[in-house]
Every structure is written in C-alpha cells, then in structure tokens.
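Reader: I'm new to this one. Could you walk me through how to read it?
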Amino acid sequence: MKIVVCVKQVPDTEAEKRLLPDTLTVDRESSNPVLNEMDEFAIEEALKLTEAHGGEVVVLTMGPDGADAAVRKALSMGAHSGILLSDPALAGSDAVATSYAIAQALGTTEYDLVILGSEASDARTSLVPAMLAERLGLPQLTFASKVEIDGTSITVNRLTDYGHDVVQAQLPAVVSVVEKINEPRYPSFKGIMAAKKKPVAALDVAAAGIDAALVGQAAAATTVVDAAQRPPRSAGVKVTDEGDGGVKLAEFLSAQKFI
Amino acid sequence: MRFALTEEQRDFRDAVDSLLRDANGVAAARAWAAGDTKPGLEIWRGLAAIGVHSLAGEYPVELCTAMERIGYHAAPGPYPESLAVAAALPEWRPRIAAGAIVTAAVPPVSPYAPNADIAEACFPAADSQPVASLDPTRSLFRIAERPQPEPAPAPAELILDTAALLTAAQLLGLGRAALDMTVAYAKQRVQYGRAIGEYQAVKHRLADAHTGLEFARPLVFAAALSAEPRDVSAAKAAASEAAYRAARAALQLHGAIGYTDEYDLSVYFKKIRSLHAAWGGPAFHRDRLLRDLGEL
C-alpha cells in the first residue's frame, strides 16, 4: 500500500503571527517555520498503517524553498520518500488553488490513500482535504479519529459534535485526521540520520502540470482587504445570581456548545 | 572548522526537547522525589527509544546536546552514570541502549552512586541503604566497604571523565532553565511601579548568569570533541560554577517565592547544587587541570 501524506510548513504554532502590512499575507520571517502540528498525526497514522499492512509513505508538501524542513521532519519520523512542490508562481495560493496544485502534484505518483491533517495551524480553514477529494474524484473521509483498512475497504470514525459517525469507502480515498487519533512518535537519532539519504523529488509548476494562471495570489478567489490587531481581551460576561444563576450559566455554556 | 551544531544535531536536540516538554520533566522530578518513579522512568524509556542511550561512546556531541535538554527539563534519573558506564564498558552498551539503568561511583572523587536502588547494576557495588541527599531525586548510596563480587571491573578514569562531562552538559541546561524562569519573573514582577527587570542591578545579575553559561558551553563541547581529561575538567569546573551562579541569582531575584518548595525553582536549585559537587566539584577539577598544565 502506498500512502501519500500531505503536510504544510507553518509559522511556529506558539508564536504570535503577523500579517505583512503591504501584501496582507503571513509574515513568515517573524517566526520559525515548523511542520504543522496536526500533520504529525497524519504522518503517524500513515506509518502505523504501513507498519500493519506493509507499503510505503510518501510525504508531499507545497511551500517556499525552505519547506523541505517539513519534509525532512516527516522523513525523520519514518516516511520513506518526499515530494517538494515549490514555485514562486504558487505563492499566495488560496485553498481552491492549493487543492488544484496538490491534485496535479499527486498525478505524478501512484497511491492508494492520501492522508492530511484536518487543519493547518495558520489558516485553519480545514478546506483542502475536502476540496482535494473532490478534485481527485475520490471518497472523502474527513475528521477521522480512527482509521481501519481491510483489503481495499477503509472505515473511519468521523468526529462530529455529538460523537462520531462510522464512514466506509473503497480505496483509493482521501482521509483527514484529528489529533485524537494517535500519539505521534518523536524522530529518533537513527531516523534523523537516515532522513538525509531518503529521496526527495522537487517539482515546479511545469513538472507538476499546473496551469500557473490558476494559482498564486492573483488567482485567489478571496482577497484580504484589511487586517487589524485583535483587540485586547474584554471583560467577559458577569452573571449576577438572582435565583436564576444556574439557568443563565447553562444557557451560556449551551450557546458556546460546551454542553 | 565549523563550531555550530549541524542540522541533524539540531533536529535531534529538538526531538529530545519536545519529548521532555510533552512529558513534563519537572513534574516527573517532583513525583520521583515523592517516591513515584513511574513518570520519570517513562521519560527514561522514551529517551532510550529515540536513541539517546545508544549514543554513548560514539556520538559525544549529540549526547551532550541531549544532556543539556535533560537538564533544562529537570528530568530525574542517573543519566550521566548509565551513559558513562555504556561509554566505558562496550559489553553493556546494548542493554543500556535498550533502557537498562545502571549507576556508578568513582571514590574518592565521587564516592556515592546515585539511584543505586533502581539500578540493574552498580559499578562498584554499593550499600543498600541510602545516605542523606540534597537532591531528593538523586538518592545517594555509599560504595560497599568490603568489596562485593562485582559485575565487572570498570575503567574508573573513563567513567569519571564521561560522567563529569555529561553532568557538565546537564548543568548547562539546568542553569539555563533557572535563568529563563528568572528573566520571565523579572519582566512580570512589579515593584515601586516598574518591572524589577528594569532595575540595573537586576539586569547585571541576569547578564552575569547568562555570560557564565554561554562561556561554559564551548568548554563542554570542546571536551566532548577531544575527550581529554584536562578539557573535561575545564568544562565541569566552568559549568558547575556557571549553573550555580545562575541558580543563586535566580533564588535572590525571585525573592521570597524562590524559597518555596512549591515553586519549580526549588527543583532546579537542589539539582544544581548537588550536581555542582558530583563527579568532582570545581576545586577538584581546577586542581586536576593545573596539574595537567604543569602549574602545580
């Protein structure tokens, strides 16, 4: 079984993120680039599946030149090879263009399963997995908290507000995972040393068969018009108990979907 | 010659750091001190699983970067001792790489074997009853007076030098953590209308602690590369003093809260003070260094 894991390099999750004032895109210089945390769960799940069923894990990323660090981290965790899709024409792509570019890059390889994290910690749209499945014409099994493969059939627990749905499909398929699914391994010394020798294929838009007019900031369907600093935290809601404090508290928690 | 760590060395250091951060080394140290070694042993096994314990004897630089992070997160357990035995006794390497805990002492320089109660082997054999220890995670056992049948005769000098080097690296991390806590506190604590970190006298103490640690680090890594006893002595003397200076600055600048056991500085302070003396204190190592240079 060949599994492609799509990963993204993002600004350090714990750092305060800023937008560049002129282009209103993320200021990638202001914080360390790291592998999107949620993608580590996708890599871990792919590794576990190939450990159980045999096969190999290919890690694919789209990003600027330095994004090979994200690929290397995945390789040091145990992925077998990498694909780095990088081209100035892709800068500023929105989710629609990203899903198109990734779908085209996936066309350069064979696979039985595509696994993604359910969201990136920078944009947090959770759109790419579903769009990618649509582009590839494959079943989408998103927000998976458990994945099981039996022959060519795949079953996942799809996390919902009320618990989970059990969703089944035939391979090949696109899966996105949530952080409840597993505990990602730490790269080992051996893994880090071995990662150096693993093959990473470099693709640009031409090699991936991407129409440059359909990607990048110019082609984005959405435009960021303005951005402002988040206002400081407000004081919150004070409930004065006049005999109905419990009810008001329950109403508040219910409105926030805590209960 | 390049002195900076390679990309792979940094990646490995980061992996060790993430594991210790996620596992909460300080909490494990507190549990260990209270008699529950389970979280600490889990960290021990986790670090062995990613290959830290397999580095002994072959990758001293990588091992020192790992020890620095182990210090930074105050993870409990006889790391320098186990890894020194692995470096000195190749026949023990596979078992230690797989996570076996061993400990050692080299009297008269380092007369107590730490954590001998949980160790599979102790070089040489130790008493079964501990003596009083400043660091409650580092119980101390006197070497048995009447030589017992020992596991194997161990090359004492190599154990001493390796354990001293790794303890120096651990002290760098411990001292840095104490300093980081103090810098954060100095920015937060307001007195006479200003954050205490704005006062010059406070800044000086912090800067002294910082430069001490930064000046000790190259000595530690030089000793890792050369493995010369005189370099190890320079590293251990400098790291012991730098970490202790950072700990004392931390204690004073924190004011009263620094003296409370509940605040995490207590875990660091006790560990630093006990490791300051372990595997030869600054006086021993300075003396050894001067003799080696022909000055004594």
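**Reading the cavity and the cores**

Author: Sure, let's start with the lining of the largest cavity, which by class has 5 nonpolar, 4 polar and 4 charged residues. Keep in mind that this is a predicted model.

Reader: Which residues that line the largest cavity are the closest to its centre?

Author: Those are Gly77(B), Arg138(B), Gln170(B), Lys271(B) and Leu275(B), out of 13 lining residues. The volume of this cavity is about 100 Å³. Helices α5 (79-88) and α10 (265-277) of chain B each bring at least two residues to the lining.

Reader: Where does the largest cavity lie with respect to domain 1 and domain 2 of chain B?

Author: Between them, because domain 1 (7-143) and domain 2 (170-294) both give residues to the lining.

Reader: And the largest nonpolar core: which residues touch the most other members?

Author: Of its 90 residues, they are Phe12(B), Leu47(B), Tyr79(B), Val85(B), Val220(B) and Trp279(B). Helix α7 (residues 156-188) of chain B gives the largest share, 17 residues. Both domains of chain B contribute to this core, so it too lies between them.

Reader: What does Val220(B) touch?

Author: Setting aside residues up to four places away in sequence, its partners include Cys64(B), Leu165(B), Leu172(B) and Ala239(B). Apart from this core lies another, of 33 residues, with Ile3(A) and Val147(A) among them.

Reader: Is Ala67(A) buried or exposed?

Author: Buried means under 20% relative accessible area, and Ala67(A) has 0%, so Ala67(A) is buried. You'll find Ala67(A) in the loop between β4 (56-62) and α2 (68-77) of chain A. Beyond its neighbours within four places in sequence, Ala67(A) contacts Gln9(A), Thr61(A) and Leu84(A).

Technical notes. Residues numbered from 1 in each chain as written. Chains lettered and ligands numbered in written order. Predicted model: local features only at pLDDT ≥ 70, side-chain atom pairs only at ≥ 80, totals over all residues. Heavy atoms only, no water. Core = buried A, V, L, I, M, F, W, Y, C linked by side-chain atoms within 4.5 Å. Buried < 20%, exposed > 50% of the residue type's maximum accessible area, 1.4 Å probe, protein only. Helix = DSSP H or I, 4+ residues; strand = E, 2+ residues; numbered from the N terminus. Domains from an automatic or database assignment. Contact = heavy atoms within 4.5 Å. 1 Å grid on protein atoms, 1.4 Å probe; cavity = no way out; pocket = protein on both sides within 12 Å on 5 of 7 lines; lining within 4 Å. Points joined across faces, edges and corners; volume = space filled by probe spheres on them. Nonpolar A, V, L, I, M, F, W, Y, C, P; charged D, E, K, R; others polar.
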